[in-house]
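Here's a quick walk through one structure, written for someone who likes to know the cut-offs behind each statement. Have the viewer open as you read.

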Amino acid sequence: MEQARTLAAAVDETRQWDRLMALAKIGAIPGDGVNRQALTAPDREARRLVIGWAREAGAEVSVDDAANLWLRLEGAEPGAAPVLTGSHMDSQPQGGRFDGIYGVVAGLEVICALRDSGIVPGRPLEVVAWTNEEGSRFAPGCMGSMAWAGTRPLGDFADIADAEGVRFADALATHLAAEVDLPHRPLGGRPHAYIEAHIEQGPRLEAEGFDIGVVTGIQGSRWFTATLTGASAHAGTTPVSRRRDALQAAVRAINALNLLMDDPADRLRFTIGSLVVEPGSSNSVAGRVRFTIDLRHPDGAILAARGDAIAAAVAEAAAPVAAIVEERFNAPPLAFDDGVLHSIRSAANVLDLRWTDMPSGAFHDAQLVAAVAPSAMIFVPSHNGISHNPAEFTTASQLAAGTRVLGSALLARARLPN
Ligand code: HGY
Ligand code: MN
Ligand code: MN
């Protein structure tokens, strides 16, 4: 317990905040936001900043085939399975300054606090920045953690293209070539435990006056892409009776999906976040429409039933326009590890912080890591629950409190058997 307090005292709130603000300048967009999408030049620039800080702190830096970035601090027992923390550095196109990047900087801050306090953890401590958690440039998200956990082979993602037609495999190759100076490490591993610190991205902690969310699990998520193919035609000369209008078909399909996804309890989350119309000209009937579907629910059976009904509902509503629905991501609901959750609650208690158990509405890499190692998450408050928006905000002291709990919980899990 004494070590936990010593480590917590060594967590430097200002150093952590200054680093987050320095990173927020990279890919900055108006309104205090960032656009630092996966495998872009801003992503690489931010990684270089983190690599420099990590090396200053005495950590060993490496990268794997999926471009996951690893920072390692040796423990008293170098051969022991490491404790792992981290999150993602990539952002949404209109993202905030804290989503993902906070968990990486918090892990780095724990490394610095261990060094500054002279505490050597029993097990090695590793901090990871997972590639492409957001999935906004290359869908789906969590590609780096899925490849690392063996959920899907890295090759599965090769031909997925971004809006400019750049293939994931080519963007990854460019990225790895730019980091060829970094030691390489094989994909995969079996850490002793994984704890991810993240902003809540919802309103609860702030509204109910808690400092810390002890994240007990993550709801299930399924992603689909619907492609509706009609025929482009002249807006002035083509009778409606002769049209195969892909946009009108999309309207019918989305209305049908709204009926399918109706939930009076307001627990189901159904989002059409992107809709692309081709040729996208005011005087041409739409020949092709592609839209995304993001479906979430804490109950696996409901997620399965509603998600499995999507393709038929879209095809029926879109007819006679042809419709293809492809599933891109399917992460079932998950409960985190009781032992790791206990370490987080104990750490929050030792530090006299107000905490509450809560589920996560957002998916996280921890959902994939949990298949390989006992895992759990720590949330810190989001002002007004805002995220995936430049106005995303958490105070320096709230972030530092989360990092103190993270450090103490990691130290507990790093303890070697007597
Ligand atoms: O979409 C999500 O739940 C995560 O924030 N990327
Ligand atoms: Mn995130
Ligand atoms: Mn996010």
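What follows covers the ground rules, the domains, the metal site and a few single residues.

## Ground rules

This is a predicted model, so local features need pLDDT of at least 70 and side-chain atom pairs count only at pLDDT 80 or more, while totals for chains, interfaces and linings use all residues. Residues are numbered from 1 along each chain as its sequence is written, chains are lettered from A and ligands numbered from 1 in the order in which they are written, and side-chain values use heavy atoms, with hydrogens and water left out.

## Two domains

The domain assignment splits the chain into domain 1 (2-219 + 334-413) and domain 2 (220-331); such bounds come from an automatic or database assignment. Taken over C-alpha atoms, the centres of domain 1 and domain 2 are 33 Å apart. The contact (heavy atoms within 4.5 Å) draws on 15 residues from domain 1 and 11 residues from domain 2.

Together, domain 1 and domain 2 bury about 910 Å², with 62% of it on carbon and sulfur atoms. Buried area here is the accessible area (1.4 Å probe) that two parts lose on being put together, summed over both. On the domain 1 side, Pro140, Gln219 and Phe363 lose the most area to domain 2, together 60% of what that side buries. As for polar links, the rule finds two residue pairs in polar contact across the interface, both at pLDDT 80 or more. A polar contact is a pair of N or O atoms within 3.5 Å; within protein, one must be able to donate a hydrogen and the other to accept it, and residues adjacent in sequence count only if both atoms are side-chain atoms. Salt bridges (a side-chain nitrogen of Lys or Arg within 4 Å of a carboxyl oxygen of Asp or Glu) come to zero across the interface of domain 1 and domain 2.

## The manganese site

The manganese ion (ligand 3) has as protein donors Asp99 (OD), Glu134 (OE), Glu134 (OE) and His388 (NE2), at 2.1 to 2.7 Å. Along the chain, the donors of this manganese ion (ligand 3) follow the spacing D-x34-E-x253-H. Donors are N, O and S atoms within 2.8 Å of the metal (3.2 Å for Na, K and Ca), and water is not among the atoms, so sites may look incomplete.

Asp99 also bridges the manganese ion (ligand 3) and the manganese ion (ligand 2), which are 3.4 Å apart. Asp99 sits in the loop between β5 and α4 (101-117), and Glu134 in the loop between β6 (125-130) and α5 (143-149), 35 residues apart. Helices (H or I, at least four residues) and strands (E, at least two) are DSSP runs, numbered from the N terminus. Both Asp99 and Glu134 are buried, where buried means under 20% relative accessible area, exposed over 50% and partly exposed in between (1.4 Å probe, protein chains only).

## Ser387

Ser387 lies in the loop between β18 (375-380) and α13 (396-413). Is Ser387 buried or exposed? Ser387 counts as buried because its relative accessibility is 17%. Beyond four places in sequence, Ser387 touches Asp99, Ile199, Gln201 and Glu392. With Glu392, the side chain of Ser387 makes a polar contact of 2.7 Å.

## Thr85 and Ile310

Thr85 belongs to strand β5 (residues 83-88), and counts as buried because its relative accessibility is 0%. A polar atom of the Thr85 side chain lies 2.5 Å from the backbone oxygen of Ile195.

Ile310 is in helix α10 (residues 310-318) and is buried, with a relative accessible area of 0%. Leaving out residues up to four places away, Ile310 touches Phe224, Leu257, Leu260, Met261, Ile293, Leu295 and Val325.
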